[in-house]
Amino acid sequence: MAFFRYNRCKSISNYLLQNFVGYGIIWDMTATLVLFIATIAVMIVCVLFFPKLKLGKITVDTYWIVTLTGAVILLISGLADAEGVGKSLIADTAVNPLKILVLFISMTVLSIYLDELGFFRYLASAVLKRAKTGQMKLFVFLYLIVSVLTVFTSNDVIILSFTPFICYFAKNAKISAIPYLAAEFIAANTWSMALIIGNPTNIYLATAYGIDFLNYLKYSIAPTVCAGSAAFLMLWLLYRKKLKAPIEGVAEDAEIKDKLLLWIGIAHLGVCTLLLAVSSYIGLEMWIVSASAVGCLFISTLIVSAVRRSKPASLTGCLKRAPYQIVPFIISMFVLIIALDQQGVTALLAKFFTDENAIWKYGTLSFLACNVINNIPMSVLFSSVIQTAEVGLPAVFATIIGSNIGAFLTPIGALAGIMWSSILSEHGEKFSYVDFVKMGAVVSVPSLFAALGALAVTFLIF
């Protein structure tokens, strides 16, 4: 009897242990998922209603404070393994978030440097003057110049540079700024797909699968051209009536502040772009190329300033305007996604993300997910899902398309939308959340399907 009682107690204890362990796993997974959703929900609320926080004379964006708080809670509670997170941050891999941040910020600084010297404003002014009194001609010129510049810089830089200029120009010309602001925003977030450096989401997703500069271009160029063409057509249909009104004012005069430094800046950006194109063939990582270009640019500028015995104002402007707040945002979102992966949420999602109709499935779902959790965290999450589900390049490029075009469905789809809305508010331009969604739905859906269709054809060819 004692033997049977012993075995019975042992069986019960094993049963309870297994169930408590099972319940513990489910509890941790649920708690992590709830905290992740709560963090994203609060971030969205803050973006919409409390975008800025004033701390004395300092003003900071709230979106990164919320995500950082969520990440810290996960680490303190043990739902995210701190050791695992630490190893991921220092791992010598292509998807190391620190390397991606260096690459993105370096390319942004190169563009900001040119903007500090008045380059983008000068180009915009020169193009706008050629339009003379025709709004339609002006509209086409603006769309083209923003598209071209975005390809070689990044969407965020173009939006930061051109949005204030368009607001000023429209007031001087006594015309509605809305068609031009919409064209600028749509063009910047469509043509940013063309090169791997155009958007941090491109960089993250492409490097996760070891896609180099030229191979990326091979699969991205056709979807970008098709999406860009579809976007322009929809913008024209949407604003053609407003564009019939005459221009009564004139474009402002814009001058290059320092031609020598401008050519130095253009040379560094050009050489950097060329080296990025061949980086995989010469054994250089892209973040090293971009960081070296910035370092060389700063040294060159300091030498010129020393010879002239003047202050390096362009460098000061770069240091002030560099997107530092994206650093805690990216790292905290990385922690959130690692926690989901550690608790098995990513593996659970991967069961529903098969490789059947991968282009349309991943493209559509990533497009929608951008407008729930923002395109950067979406890219981190989908990268993990794609690797777990073991699907191929079609899913990767479809997600890249979704991460770019998803930016113009709602203002929270991307950091670019958050910045753009903030600038409009500062300049007194009324463009509500509802107005954005109306514009975004009309333009983004045809652009998305044009891009995904072109991607499907591209993979049939290659």
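Which residues lie nearest the centre of the largest pocket?

## The largest pocket

In this predicted model, D61, L160, R321, Q325 and M419 lie nearest the centre of the largest pocket, and they belong to a lining of 25 residues. The volume of this pocket is about 740 Å³. Sorted by class, its lining consists of 14 nonpolar, five polar and six charged residues.

Several elements contribute to these walls: at least two lining residues each are supplied by the strand β2 (58-61) and by the helices α4 (97-116), α7 (155-173), α13 (313-321) and α19 (415-426). Of the elements involved, α19 provides the largest share of the lining, namely six residues.

## Helix α8

Helix α8 covers residues 178-190, and at 1.5 Å a residue its 13 residues should span 18 Å, a value that agrees with the 18 Å separating its end C-alpha atoms. As for its surroundings, 13 of the 13 residues of α8 are buried, so this helix is largely enclosed by the rest of the structure.

## Y122 and its distant partners

Y122 is placed in helix α5, which comprises residues 119-130. With a relative accessible area of 37%, Y122 is partly exposed, because this value falls between the 20% limit for buried and the 50% limit for exposed residues.

When neighbours within four places in sequence are left aside, Y122 is in contact with A254, E255 and I256. For one of these partners, E255, the separation from Y122 is 133 residues in sequence, whereas the C-alpha to C-alpha distance in space is 5.9 Å.

Key
Residues are numbered from 1 along each chain as its sequence is written. This is a predicted model: local features need pLDDT of at least 70, side-chain atom pairs count only at pLDDT 80 or more; totals for chains, interfaces and linings use all residues. Side-chain values use heavy atoms; hydrogens and water are left out. Helices (H or I, at least four residues) and strands (E, at least two) are DSSP runs, numbered from the N terminus. The expected span of a helix is 1.5 Å times one less than its number of residues. Buried means under 20% relative accessible area, exposed over 50%, partly exposed in between (1.4 Å probe, protein chains only). Contact means heavy atoms within 4.5 Å. On a 1 Å grid over the protein atoms alone, a cavity is a set of points where a 1.4 Å probe fits but cannot get out, and a pocket is an open set with protein on both sides within 12 Å along at least five of seven lines; lining residues have an atom within 4 Å of a point. Grid points are joined across faces, edges and corners, and a volume is the space filled by probe spheres set on the points. Ala, Val, Leu, Ile, Met, Phe, Trp, Tyr, Cys and Pro count as nonpolar, Asp, Glu, Lys and Arg as charged, and the others, Gly among them, as polar.
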